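Trainee: I've got a model open and I'd like to talk it through with you. Can we go strand by strand and then zoom out?

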Amino acid sequence: MPSAVPGGSVKSRLIASLALGALVVLGTTGCAMLSTQATTIPYSPSDGVNIPDSGPLQVRNVLIVTDEEGVDGNLVAAIVNQTSESETLTIQWGEGSSKSTEKIRVPANSTVSLGTEENEPLLLEGIDTKPGANLPMFFQSGDSDGILFDVPVLDGSLDYYGDLLP
């Protein structure tokens, strides 16, 4: 007749099995606990960029279309005003004495889309930035401090940008 196994030994095996199972679960899912989910990182899903922290106005999908020389360019963007008051977006580019400024008024609760049938793109003269580069531009609205952001400069080689050339 086999001898009885003491109860303490069964409990130790059960605890060891549970501990091993917990380690396997943590080991296989631990990476997800420590790494950032890519879906939570904001990004611009198109050729243009979204400008963060420019004030009460939201500047979306902004880009510049220019020819091969890159002397002048057309600014294309959607400027969204979700406030109950009309707001002005101030845009600056260039340095020193060649610094340029443009202002765009956006009515309350509306969107101004530059580069559409309703609104021509905004001509930026003297950008001197070739396609493929970025142009540092400053965006500010309302009482915000504004933000300096690199805006991509594209050419008209794609059909849908051909009509946007300066």
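Trainee: How many bridges join strand β2 to β3?

Mentor: Keep in mind that this is a predicted model. Strand β2 covers residues 57-66 and runs antiparallel to β3. T66 of the pair stands opposite G73 in β3. The number of bridges joining β2 to β3 is eight.

Trainee: Which residue in the turn of that β2 and β3 hairpin has a positive phi?

Mentor: The hairpin leaves six residues between β2 and β3. One residue in this turn has a phi of about 70°, and that is G70.

Trainee: Is β3 mostly covered or mostly open, and how many of its residues are buried?

Mentor: Buried here means under 20% relative accessible area. On one side of β3, G73, L75, A77, I79 and N81 pass that test, and on the other N74, V76, A78 and V80 do too. So both faces are covered. Strand β3, residues 73-81, is mostly covered, and its buried count is nine of nine.

Trainee: Besides β2, which strand pairs with β3 over five bridges?

Mentor: Two more antiparallel pairings are worth a look. Strand β7 (residues 122-124) is joined to β3 by three bridges, with G73 opposite L124. The other pairing puts N81 opposite S110. The strand with five bridges to β3 is β6, residues 110-114.

Trainee: Why is β4 largely enclosed by the rest of the structure?

Mentor: β4 spans residues 87-93. Seven bridges join it to the antiparallel strand β5, and five join it to β8, also antiparallel. As for burial, β4 is largely enclosed because its buried residues number five of the seven.

Trainee: Which residue of β8 is the bridge partner of L89?

Mentor: On the β5 side, T90 of β4 stands opposite K103. For β8, which covers residues 134-141, the bridge partner of L89 is S141.

Trainee: Zooming out, what radius of gyration does the protein have?

Mentor: Start with the C-alpha box, roughly 100 × 40 × 35 Å along the principal axes. A compact globule of 166 residues would come out near 15 Å. The protein's own radius of gyration is 28 Å.

Trainee: And how far apart do the centres of the positive and negative side chains lie?

Mentor: There are 7 positive side chains against 21 negative ones. Take the centre of each set, and the distance between the two is 23 Å.

Conventions
Residues are numbered from 1 along each chain as its sequence is written. This is a predicted model: local features need pLDDT of at least 70, side-chain atom pairs count only at pLDDT 80 or more; totals for chains, interfaces and linings use all residues. Side-chain values use heavy atoms; hydrogens and water are left out. Buried means under 20% relative accessible area, exposed over 50%, partly exposed in between (1.4 Å probe, protein chains only). Helices (H or I, at least four residues) and strands (E, at least two) are DSSP runs, numbered from the N terminus. Two strands pair if DSSP finds at least two bridges between them. The radius of gyration is taken over C-alpha atoms; the globule rule is 2.2 Å times the number of residues to the power 0.38. Lys and Arg count as positive and Asp and Glu as negative; His and the chain ends are not counted. The place of a charge is taken as NZ of Lys, CZ of Arg, CG of Asp or CD of Glu.
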